[in-house]
Amino acid sequence: MEPGSGVGRRSPSSSSSVSLSHAAVAVCMSLPLRRCSHRTMSTLSQTKELFRRADAVCFDVDSTVIKEEGIDELAKFCGVGDAVTEMTRKAMGGSVSFKTALTERLSIIKCSREQVNKLITDHPPQLTPGIRELVDRLHQRNIKVFLISGGFRCIVEHVATQLNIPLDHVYANRLKFYFNGEYAGFDESQPTAESGGKGKVISMLKEQYSFKTVVMIGDGATDLEACPPASAFIGFGGNVTRQQVKERCSWYVTSFGELMKELEKI
Ligand SMILES: [Mg+2]
């Protein structure tokens with residue numbers, strides 16, 4: 001039986017990895033001098049200014065917009081939480097690529113479409129306090145909001161709906177299912193399935209929408225590494241603290257209220 005249904009289809013907004021790479025090169029060559037990253041880190045005041053005048057703000061989802069890690073919740077729900085946690089721990093300490101780590105963990109979880117739907121119904125993702133107000137305020141100011149996640153689109157779309165974020169502003173991995181609902185793998189062509197995928201999405205957004213200033217907000221190393229091409233990075237430690245991220249970013253916040261306060265200054 002072949003993997004089927006619309007669940008595994010590629011988004012019309014996704015491009016091939018080849019064109020994304022070209023886009024990334026083109027954008028990197030035209031980057032302004034002032035940008036973040038451990039190589040050319042912006043100062044705190046520069047990062048705050050970039051946030052205040054952003055064209056778009058991109059949020060990581062797991063442990064940032066929501067309190068938990070989606071894949072861990074899915075594993076627990078499918079009765080393989082401990083095995084997947086152990087695998088995550090090993091993957092973080094070694095040189096396993098993001099795609100390999102994702103493949104291995106999903107091969108243990110093997111969730112059916114029904115299990116994913118039931119997880120969303122019975123244990124919906126818990127929004128981090130203050131995110132709803134922050135997204136509303138950004139929308140009021142006509143700043144575009146995107147969710148860029150290494151997690152799963154079916155779960156992230158649920159989060160986007162709660163926050164009034166259009167579904168074509170969601171970039172995440174796509175689970176695939178056979179027609180009978182059994183697990184059939186994931187769409188390996190999505191940029192978010194690769195190491196460095198969040199940066200590729202941001203390059204693509206800058207090109208597609210002609211954004212000049214894009215700010216990435218997240219808790220993890222993959223979020224930090226998306227800057228550049230992101231114009232600035234804000235570390236979020238409201239759910240978990242990743243010491244390396246905290247030390248390497250110029251602005252680290254532990255609540256979305258701090259970002260709301262900054263927006264009031266304009
Ligand atoms: Mg995260």
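How close do the axes of helix 8 and helix 13 come, and at what angle do they cross? The views below come from a predicted model.

**View A. Helix 8 crosses helix 13.** Helix 8 spans residues 131–140, and helix 13 spans residues 256–264. Their axes come within 9 Å and cross at roughly 25°. Angles under 35 degrees count as roughly parallel, so helix 8 is roughly parallel to helix 13. The crossing is left-handed.

**View B. Residues meet between helix 8 and helix 13.** Helix 8 contributes Ile-131, Glu-133, Leu-134 and Arg-137. Helix 13 meets them with Phe-256, Leu-259, Met-260 and Leu-263. By class, this contact has six nonpolar and two charged residues, with no polar ones.

**View C. Six strands build an open sheet.** The strand order is 4-3-2-7-8-9, and the pairing is parallel. Strand 4 (170–173) and strand 9 (252–253) stand at the edges. Each has a single partner strand, so one side of each lacks a neighbour in the sheet.

**View D. Strand 7 pairs with strand 8.** Strand 7 covers residues 214–218, and strand 8 covers residues 232–236. The two pair in the parallel sense over four bridges. Gly-218 has Gly-235, in strand 8, as its bridge partner.

**View E. Helix 9 packs on the sheet.** Helix 9 (residues 153–162) touches strand 3 (144–152) and strand 4. The direction of helix 9 makes about 150° with that of strand 3.

Definitions and conventions: Residues are numbered from 1 along each chain as its sequence is written. This is a predicted model: local features need pLDDT of at least 70, side-chain atom pairs count only at pLDDT 80 or more; totals for chains, interfaces and linings use all residues. Axes are lines fitted to C-alpha atoms, for helices over the stretch in contact, and angles run from 0 to 180 degrees between N-to-C directions. Angles under 35 degrees count as roughly parallel, over 145 as roughly antiparallel, 65 to 115 as roughly perpendicular and the rest as oblique. A crossing is left-handed if the near helix is turned anticlockwise from the far one by less than a right angle, and right-handed if clockwise. Two residues are in contact if their C-beta atoms, placed from the backbone, lie within 7 Å. Ala, Val, Leu, Ile, Met, Phe, Trp, Tyr, Cys and Pro count as nonpolar, Asp, Glu, Lys and Arg as charged, and the others, Gly among them, as polar. Two strands pair if DSSP finds at least two bridges between them.
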